[in-house]
Amino acid sequence: MSRFFILFSLLASTLSFAQPASLSLEGKNHSLDERYQLMKSNSQTYQDYKVIKEFVLDGVWKIVKDTVKNQKRLLAQSHEEISQLNASLIAIEITLKNERAASADVTYDSTHITLLGVDFRKGSFLTFLTFLFAGFVVAIGVIAGKMRLMRATMKEKIVIADIITHEYEEFKRRALEKQTKLSRELQNERNKLEELKAQYR
């Protein structure tokens with residue numbers, strides 16, 4: 001009787017806690033991890049066990065197999081594309097080697113240049129022109145630097161002359177004011193002296 005009761009309890013709890021079948025299979029854009037978590041979260045717990053319907057597990061397993069099959073197909077396609085790219089690379093390398101071999105047969109005139117009756121290799125001639133141009137650039141830079149230095153010196157001299165002129169004008173103004181003040185004081189003293197003389201007469 002107790003065995004019958006235990007079986008009945010297991011069957012009743014399985015039916016009452018079992019998840020709806022559609023919940024673990026819904027959503028076509030879920031990843032495998034998301035489907036697993038969805039199936040796990042929507043399943044019911046009985047003691048330490050998860051109760052999941054068998055056809056739900058079959059559906060998830062079918063999705064897993066389809067995903068693995070699709071991944072294998074994509075991997076095979078990738079390998080095929082890599083093989084095609086390797087073949088193209090080999091063909092390009094062969095073409096490049098042939099072109100280099102053909103370009104190695106260059107004449108003396110194509111590698112040299114004549115200037116004023118003197119033969120130069122094109123590389124040497126370009127190097128000479130580069131150094132000559134660099135020399136011109138450096139000379140222009142030095143001249144420009146000297147001109148800037150002269151301009152800065154002239155500006156400094158003009159500023160110093162302006163300062164000296166301003167100080168001279170200020171000194172001149174102060175000297176004039178002082179002279180005027182001394183003249184007034186002198187005139188005042190003369191006036192006082194005249195007043196004193198007038199009193200004693």
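Q: What pattern does this predicted model follow when the protein is read along the sequence?
A: Let's start with the overall layout of the predicted model. The protein holds six helices and four strands. Read from one end of the sequence to the other, these elements follow the pattern α-α-α-β-β-α-α-β-β-α.

Q: Which element of the protein has the highest mean pLDDT, and which the lowest?
A: A good place to begin is the average for the protein, a pLDDT of 79, with 83% of the residues scoring at least 70. The elements spread around that: α6 has the highest mean, 89, and the lowest, 43, belongs to helix α1 (residues 2-17).

Q: How many contacts beyond near neighbours in sequence does the stretch of residues 1-24 have in the model?
A: Some care is due here, as the pLDDT over residues 1-24 is below 50. Where pLDDT is low, the predicted coordinates should not be read in detail. With that in mind, the number of contacts this stretch has beyond near neighbours in sequence is 25.

Q: What share of the residues in the protein is buried?
A: A residue counts as buried when its relative accessible area is under 20%. The accessible surface of the protein comes to about 17,900 Å², and carbon and sulfur atoms hold 63% of that area. Of the 201 residues, the buried share is 7%.

Q: What share of the contacts with a separation of 6 or more comes from residues 24 or more positions apart?
A: This one looks at how far along the sequence the contact partners lie. Taking the contacts in the protein with a separation of 6 or more, the share from residues 24 or more positions apart is 40%.

Q: Within what arc do the buried residues of α3 fall?
A: In helix α3 (residues 32-42), the buried residues are R35, L38, M39 and N42. They line one face of the helix, because seen down the axis of α3 they fall within an arc of 95 degrees.

Q: Which exposed residues does the face of α3 turned away from its buried side carry?
A: The buried side of α3 holds R35, L38, M39 and N42. Turn to the face pointing away from that side and you meet the exposed residues D33 and S41.

Q: Where does Q47, with its positive phi, have its place?
A: Most residues other than glycine have a negative phi, and most peptide bonds are trans. Phi of Q47, however, is near 55 degrees. Q47 is also exposed, with a relative accessible area of 59%. Its place is in the loop between β1 (44-46) and β2 (49-51).

Q: Which residue does K62 meet in a salt bridge?
A: Side chains of opposite charge can pair when their charged atoms come close. K62 and its partner are four residues apart in helix α4 (residues 54-103), so about one helical turn separates them. The partner counts as partly exposed because its relative accessibility is 39%. At 3.1 Å from N to O, the residue that K62 meets is D66.

Q: Which residues do salt bridges with shared partners join into one network?
A: The structure holds four salt bridges. One of them links E170 and R174, with the closest N and O atoms 3.7 Å apart, and in another the side chains of E177 and R173 meet at 2.6 Å. E177 and R173 both lie in helix α6, four residues apart, about one turn of the helix. Through shared partners, the salt bridges join E170, R173, R174 and E177.

Q: Are E177 and R173 buried, partly exposed or exposed?
A: The cut-offs are simple: under 20% relative accessible area is buried and over 50% is exposed. E177 has a relative accessibility of 44%, while R173 has 38%. Each value therefore places its residue in the class partly exposed.

Q: About how much accessible area does the nonpolar patch that includes I140 have?
A: I140 lies in helix α6 (residues 122-200). I140 counts as exposed because its relative accessibility is 59%. On the surface, L126, F128, L129, L132, F136 and I140 form a nonpolar patch, and together their accessible area is about 610 Å².

Methods:
Residues are numbered from 1 along each chain as its sequence is written. This is a predicted model: local features need pLDDT of at least 70, side-chain atom pairs count only at pLDDT 80 or more; totals for chains, interfaces and linings use all residues. Side-chain values use heavy atoms; hydrogens and water are left out. Patches are made of residues with over 30% relative accessible area and no salt bridge: like charges are joined within 9 Å, nonpolar side chains (Val, Leu, Ile, Met, Phe, Trp, Tyr) within 5 Å. Accessible areas come from the Shrake-Rupley method with a 1.4 Å probe; for residues, only the protein chains shown count as cover. Helices (H or I, at least four residues) and strands (E, at least two) are DSSP runs, numbered from the N terminus. Buried means under 20% relative accessible area, exposed over 50%, partly exposed in between (1.4 Å probe, protein chains only). pLDDT is the predictor's confidence in each residue, from 0 to 100. Contact means heavy atoms within 4.5 Å. The arc is that of the directions from the helix axis to the C-beta atoms.
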